[in-house]
Amino acid sequence: MSIIRERHEVIMSWLNEAAENIRRALQSELDVSQKTSPRDLVTNMDKETEDYLTGKIREFYPNDQIVSEEGFGDTVKSMEGTIWFVDPIDGTLNFVKQQENFAIMLAVYEDGIGQQSYIYDVMRDRLYYGVQDDGVYCNGERLSAPENLAITDGLVAVNSTLLGKSRVEAVDSLLEDSLGVRMYGSAGIESVEVAAGRTVAYIAKTLNPWDIAPGKLMVELLGGRVLDFSGGPIDLLNPTGAIFATEQAAETIAERLK
Ligand code: 2AM
Ligand code: CA
Ligand code: CA
Ligand code: CA
C-alpha cells in the first residue's frame, strides 16, 4: 500500500472519532474563552480535538512536523520534510454561535507539495478530501473540475476583515462585478465551495497556514488557483492574504488588488 493510501486510512478513522466527540460535546455546555478579542474564541473542544489529532500524528508519524492553531504543534521554519497542518475546529465562532458551519481540517505536505488534505463539515456530515495525482472527493464521491468562470458569472465569498473598518477598498469593485457576495465564516468551507464550483472565488485577509493548506490542495487539484494578494504563490508558513479562485477570476482579482 502506498504511504498516501496508508495515511488516508488512519486519518479517516481519526477524523470520524474526532467528529463523533465534537457532536457529543454539543449536547452539553461548551467551555468558551476569549483569545485576543470577543471575536477570537477558543473552546475546550478546539483544544481537545487538536490534542487528540496531534497525539495520533506523533504516535504514528514521530518524525513529521506539525503546524497547528492551538499550541500542540511545533515551530516550523521551512517546508522541507513532511509537515502536517491541523485546524481542529475551523469556524469556532460558528461552532459556538450556530453549532454548525464549522470544519475539522488537516493537510499533509511533503517538501512543500500538498499530498492529501481533509475538510470535514461535521454537522452536514460532508467529508471532503483531496489526494495528489488523484482528485477531490466528497464522502467518497469524486468531484469534477468546475467550469473556469469569470467573476461576473459567479458568487464571491470574502472574510469579514475585508469589509467594515479595516476593509480593502479594491475588493468593493470585485464584489460589485460578481453575481453576489457570500460570507460563511469558515475558511475551510469557503475554500471547498470554490473547489466544488459553487463560488468562483474566496478572498480573505489574515489567514493562517492551517486555514489555507487544506483548501489550497483541493482547489488546485480541480484546476483553480490559490494566490497571495500580489498574484504570486502563497508563502504557506507566512501567509498574508489569500485568493482561492477559478483561473479566470484569480487573474482579475490579483490584477485589481495589486
Ligand atoms: P478559526 O475559526 O479557526 O479561527 C473566519 O472568517 C475564518 O477565518 C475562520 O476560518 C477562522 O478560523 C479564520 N481566521 C483566521 N484568522 C482569524 C482571525 N484573526 N479572526 C477571526 N477569524 C480568523
Ligand atoms: Ca481561532
Ligand atoms: Ca481556521
Ligand atoms: Ca480553528
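These questions and answers walk through a predicted model, from its annotated sites to its domains and C-terminal helix.

Q: Which residues does UniProt list in the unreviewed "binding site" entry that includes Ile89, and how far apart do their C-alpha atoms get at most?
A: The UniProt record, an unreviewed entry, lists Glu69, Asp87, Ile89 and Asp211 for "binding site". They span 143 residues in sequence, yet they gather at one spot, because no two of their C-alpha atoms are more than 10.2 Å apart. The residues are thus Glu69, Asp87, Ile89 and Asp211, and the limit is 10.2 Å.

Q: Is Ile89 buried or exposed?
A: Ile89 belongs to strand β4, residues 82–90. Burial needs 20 or more other C-beta atoms within 10 Å. Ile89 has 28, so this residue is buried.

Q: Which residues does Ile89 contact, leaving aside its neighbours within four places in sequence?
A: The partners of Ile89 fall on both sides of it in sequence number. Met45, Asp46 and Thr49 are among them. The others are Phe95, Phe102 and Ile104.

Q: Where does Asp211 sit, and is it buried or exposed?
A: Asp211 is found in helix α6, which runs over residues 209–221. Within 10 Å there are 24 other C-beta atoms, against a cut-off of 20. Asp211 in α6 is therefore buried.

Q: Which residue that touches Asp211 is also covered by a UniProt "binding site" annotation and lies in strand β4?
A: Beyond four places in sequence, Asp211 touches Asp87, Asp90 and Ala187. The UniProt annotation "binding site", from an unreviewed entry, covers one of these. This residue lies in strand β4 and is buried, with 28 other C-beta atoms within 10 Å. The residue is Asp90.

Q: What does Asp90 touch, not counting residues up to four places away in sequence?
A: Phe102, Ala103 and Met105 are among its contacts. Ser186, Ala187 and Gly188 are also included. The list closes with Asp211.

Q: How are helices α5 and α6 oriented to each other?
A: Two packed helices are described by the angle between their axes and the distance between the axes. The axes of α5 (residues 187–195) and α6 come within 9 Å and cross at roughly 10 degrees. Angles under 35 degrees count as roughly parallel. So α5 and α6 are roughly parallel.

Q: Which residues make the contact of α5 with α6, and how many of each class are there?
A: From α5 come Ala187, Gly188, Ser191, Val192, Val194 and Ala195. From α6 come Asp211, Pro214, Gly215, Met218 and Val219. By class, the contact has seven nonpolar, three polar and one charged residues.

Q: How many residues of α5 are buried, and which residue just after α5 takes a positive phi?
A: α5 is mostly covered, with nine of its nine residues buried. Glu190 and Glu193 are among the buried residues. Just after α5, a phi of about 85 degrees occurs at Gly197.

Q: How many residues of domain 1 and of domain 2 take part in their contact?
A: The domain assignment gives domain 1 as 1–140 and domain 2 as 149–255. Their centres, over C-alpha atoms, are 21 Å apart. The contact takes 28 residues from domain 1 and 22 residues from domain 2.

Q: Which elements each supply at least two residues of the side of domain 1 that touches domain 2?
A: By class, this side has 16 nonpolar, eight polar and four charged residues. The elements include one helix label, α3 (92–97). The strands are β3 (65–68), β4, β5 (103–110), β6 (113–121), β7 (126–131) and β8 (135–138).

Q: Which elements do the buried residues of α7 pack against?
A: In α7, Gln248, Ala249, Ala250, Thr252 and Ile253 are buried. Ile253 has 26 other C-beta atoms within 10 Å. Ile253 touches Ile151, Leu174, Ala201, Ile203, Ile243 and Ala245, not counting residues up to four places away in sequence. The buried residues of α7 pack against α4 (170–177), β12 (201–204), β13 (225–227) and β14 (242–245).

Q: Is Lys258 buried or exposed?
A: Lys258 lies in the segment after α7 (247–257). Beyond four places in sequence, Lys258 touches Ser230 and Gly231. A residue with 12 or fewer C-beta neighbours counts as exposed. Lys258 has 9 inside 10 Å, so Lys258 is exposed.

Definitions and conventions:
Residues are numbered from 1 along each chain as its sequence is written. Chains are lettered from A and ligands numbered from 1 in the order in which they are written. This is a predicted model: local features need pLDDT of at least 70, side-chain atom pairs count only at pLDDT 80 or more; totals for chains, interfaces and linings use all residues. UniProt positions are given in the numbering used here, feature names are shortened, and annotations may be inferred rather than shown by experiment. Helices (H or I, at least four residues) and strands (E, at least two) are DSSP runs, numbered from the N terminus. Two residues are in contact if their C-beta atoms, placed from the backbone, lie within 7 Å. Axes are lines fitted to C-alpha atoms, for helices over the stretch in contact, and angles run from 0 to 180 degrees between N-to-C directions. Angles under 35 degrees count as roughly parallel, over 145 as roughly antiparallel, 65 to 115 as roughly perpendicular and the rest as oblique. Ala, Val, Leu, Ile, Met, Phe, Trp, Tyr, Cys and Pro count as nonpolar, Asp, Glu, Lys and Arg as charged, and the others, Gly among them, as polar. Domain bounds come from an automatic or database domain assignment.
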